Amino acid sequence: MLKAQLPQEVLGIVVNSEFGSTSAVLLAVESKTRPYKDLQKHVEEMEDQLRGINSLAKITRVGAMSEQISIYVDNNKLINYGITSGSLMQALQKEGAINPAGSLNGYVIDRPIHLTSFFKSEADLADQVIQSNANGNVIRLRDIATIRREYENPESYVTANGTKCIVISMEMATGYNIVHFGEEVEARLQQIQSKQPSDINITKLANQPEVVDESISHFMKEFGYALVGVIIVALLLLPFRVASVAAATIPITIAATLAIMYLLGYELNTVTLAALIVVLGIVVDDPIVVIDNHVEKLDDGFSVWEAAKSSAVELFPSVFTATLAIAATFAPLMFFMEGIASDFVGMFPFTIIIALSLSLIISMLLVPYFNTMFIKKGLNHGKSITGKPSMLDRVQKVFDRHISKAINHPVLTTIFAVLSVVIGGALMALLPQQLFPKVERNQFAMEIYLPQGYNLSQTDSVVKKMEGIMAQDKRIVSYTSFIGTSSPRFHTLYAPNLPAENYAQVLINTTTPKTTEEILREYETKYSNSFPTAYVRMKQLTMVPTPAPVEVRIAGNDIAALKKIGAQVTEIGEKQPGITWVRTDYEEMKEGIRLEVKHNEAARLGLTKKDVADIVAINMQGLPATQVWEGSYPLEVKIKTSEAVRSSTDALLDLRIPVKQSQTVLPLRQVAQISPEWHQGQIAHRNGVRTLTVRMDLTQNAVANNVLGDIQPAINALNLPEGVSMSYGGELEMQEENIVPMGLSLGMSVVIIFLILVWHFQRIKHAVLSLTTMFLSILGASLGLMLMQYPFGFTSFLGLLALCGIVVRNGIILIDFAEELREKEGLSVKEAARVAAERRMRPIFLTSSAAAVGVIPMIVSRSTLWGPLGTVICFGLLVSMLLTLFALPTLYWLAFRKEDANNPESNAAPVSAT
């Protein structure tokens, strides 16, 4: 419908409906000796074999260069025989077309009629009759033209390690395991390669299954280290039998979680593995609390069965509420997050909720049974022979000496707690913000940009020089150059550029992710501006789907005004340290030639505007006339002239135009005149409005929002003309799009947790007290990020959510026990606060230490993606544990001390926590 509204000369409208499709595997089929036709034949055979893979969704190829048949006409002969270019085109198109001829209808069956009128070879073309007269004389194509088979002048092509190649792109169908897909592809490739000639080589350019497999293997190692670390913490801090029971629940819970995930069809990927690592230290919390209570019951004289039963029954409300609280911190993510953040978080909340639910069930049902079998004596009955106190005993004694001081000086303790929140908030505000970091991979891209209008040969010359440099670099495993085009999308968030002769992309594979960063820093310094007519951009893969980290968008209808403001923004950006390259998407003005036909003169000679256009086109790039089919191999047939008129305007004006009416040949200058013409290289629209975007690249370690914050005041101070508006894109836009959903998720988590706490305690004051522990975790989280030099991003946010749930659990356990002491033992508020802190220090210390140790592998790995999450949980837990154990009992006493005054009988004698 849209095409019908356009002029009939418009050849077609290109609609890319698969722009987001991502290749799972990119293969380069290269050969130094074979022509493209032969190479393409082998590629087609490979594709047929690869299509046998069930999980393959789509297979395409890039870089194939087709042969064509060029018909070089002689203008003098055309005049002599009275043949025009239009009549020649018409004759070839009619003979080469395949038109329906209907069908022969019979009494029983209908038989379709097929015409075999298309050309099959150059000989068919040469014998084609172009003109005949009444005397039977015929003019064949070979009489007026030279027919030659050759490769067309390419608009783009691909080389692998400097050798011509064809790239095969493979996409995996949804619902399949990408690692298994990679194994199937590898098995097929081994079979294919064994049957190929020795001069044909197959190279993997991008291998997503391998990337995923390495990521999962890395996470499995981290998971193993975390599992061992948590078990070691339990063994070091608890007696062997107690620690063994607690440690045994970890693999049981994780195995059950994996089984449930498998039954529900959830994939095991880096996100779900990260969730398992985070939850690893949390799932041991419930068993430790139950076991610790069981041991206390034994020390108080309970039988083994009574201790096992009462410890679970007594703690079920607290543990159940704590589990709900942690689950509540992640549940809103499933509903509020959008876009990339939603895709990224994926099964993270589901994995944690499944693991926590199973941990609750195991702690309440299985752990009491284990207690009856393996823990039959309390700690007071199990002193070591040497009588030396354990590490946990020493910690307990130090804490016992100081908790009374904290409660006896409530003002100082409260001020200290408030200061920790204020300082933590201030440090958090000072942290740089980066929603997602760059991808750590042994692969990056190099993009080469030349000024608008530069041809393919100029682009190729720059590419060849860079290839020469890379060939000498032992850190580079392979490089594939896409000259005049981009590679197929091999990374979900790295969109390919539109084809252009002044553009090239080089896909580079390195030895390790570390060497990738080394090469990026080195090459950016040495080669980005080393060519006078080109800019070489080093592109590290990121999780941000924007062309540049900093973007300033200027919208309006007046292009001149947009460019003026764009130039001012560009000038500001070029002066800012940390910015390496500034450009706009409107690009440079492109020079062209305006050809004006002298209508009166052309009409007098019997020439139409189309006649002139056809002759110029034939002499420039040729006009497509028909096709020749060699089996399934098509060859485009183009009409050309052998005259070289493409290099100068004088040669263009001297172009000979055959005039049938006078049987003469005239120069183009007689019927047309030319003049230089400049037009926009590109006009970009955003939501239907002309929008010029100033894009800025940064140095490797620069944070986009920090750099933008430095130049934003100067940009905002610009005087915008009427009708021109300005906005920001890049990482800032992505952050702003996600900050509201992140804020809503956090806010909703707090509200849900508060409602859960109110339901649990049946009193608002208790719920508020327990909720204050969330704020006590801010100092540790911000301090950890600052010490480890991480920006605050999305994974830091996930860590903060996990932290909030864990510390609220500590508050629930402590306040519940204090209430129990007041109700059952008649202790005063102050004594109940002190004793509760002393008795619950051990499980809180154990659970916090286990959770902190569980994420240490994330921190040690220095992963820019998962390192911040581990840092927030580890540092946040350790600091909040101290603050919770000292501040919360004090706040509890301050909140309820009036009840002691109203009830003097509750002031019982002090009770020892041991």
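The questions and answers below go through strands, salt bridges and a charged patch in a predicted model.

Residues are numbered from 1 along each chain as its sequence is written, and side-chain values use heavy atoms, with hydrogens and water left out. Because the model is predicted, local features need pLDDT of at least 70 and side-chain atom pairs count only at pLDDT 80 or more, while totals for chains, interfaces and linings use all residues.

Me: How many of the residues of strand β14 are buried?
Reply: Strands here are DSSP runs of E with at least two residues, and helices are runs of H or I with at least four, numbered from the N terminus. Buried means under 20% relative accessible area, exposed over 50% and partly exposed in between (1.4 Å probe, protein chains only). In a regular strand the side chains alternate between the two faces of the sheet. In β14, Tyr503, Gln505, Leu507 and Asn509 on one side and Ala504, Val506, Ile508 and Thr510 on the other are all buried, so that the count for residues 503-510 is 8 of 8.

Me: Which residue of β14 is the bridge partner of Met446?
Reply: Two strands pair if DSSP finds at least two bridges between them. Strand β12 (residues 443-449) runs antiparallel to β14 and is joined to it by 7 bridges, and strand β13 (residues 476-483), also antiparallel to β14, has 7 bridges to it. On the β13 side Ile476 stands opposite Thr510, whereas the partner of Met446 is Val506.

Me: Why does the salt bridge between Asp654 and Arg669 tie together separate parts, and how many residues apart are they in sequence?
Reply: A salt bridge is a side-chain nitrogen of Lys or Arg within 4 Å of a carboxyl oxygen of Asp or Glu, and this pair meets at 2.8 Å, N to O. Asp654 lies in the loop between α22 (649-653) and β21 (656-659), and Arg669 in the loop between β22 (664-667) and β23 (672-679), so the parts that the pair ties together are 15 residues apart.

Me: Is Arg839, which forms a salt bridge with Glu825, buried or exposed?
Reply: The closest N and O atoms of this pair are 3.9 Å apart, and the bridge links the loop between α27 (794-824) and α28 (829-854) to helix α28 itself. Glu825 is partly exposed, with a relative accessible area of 40%, whereas Arg839, at 16%, is buried.

Me: Which residue of the salt-bridge network that includes Lys37 and Glu67 has the number 630?
Reply: A search of the whole structure finds 38 salt bridges. Lys37, Glu67, Glu122 and Arg149 are linked in a network of such bridges together with Glu630.
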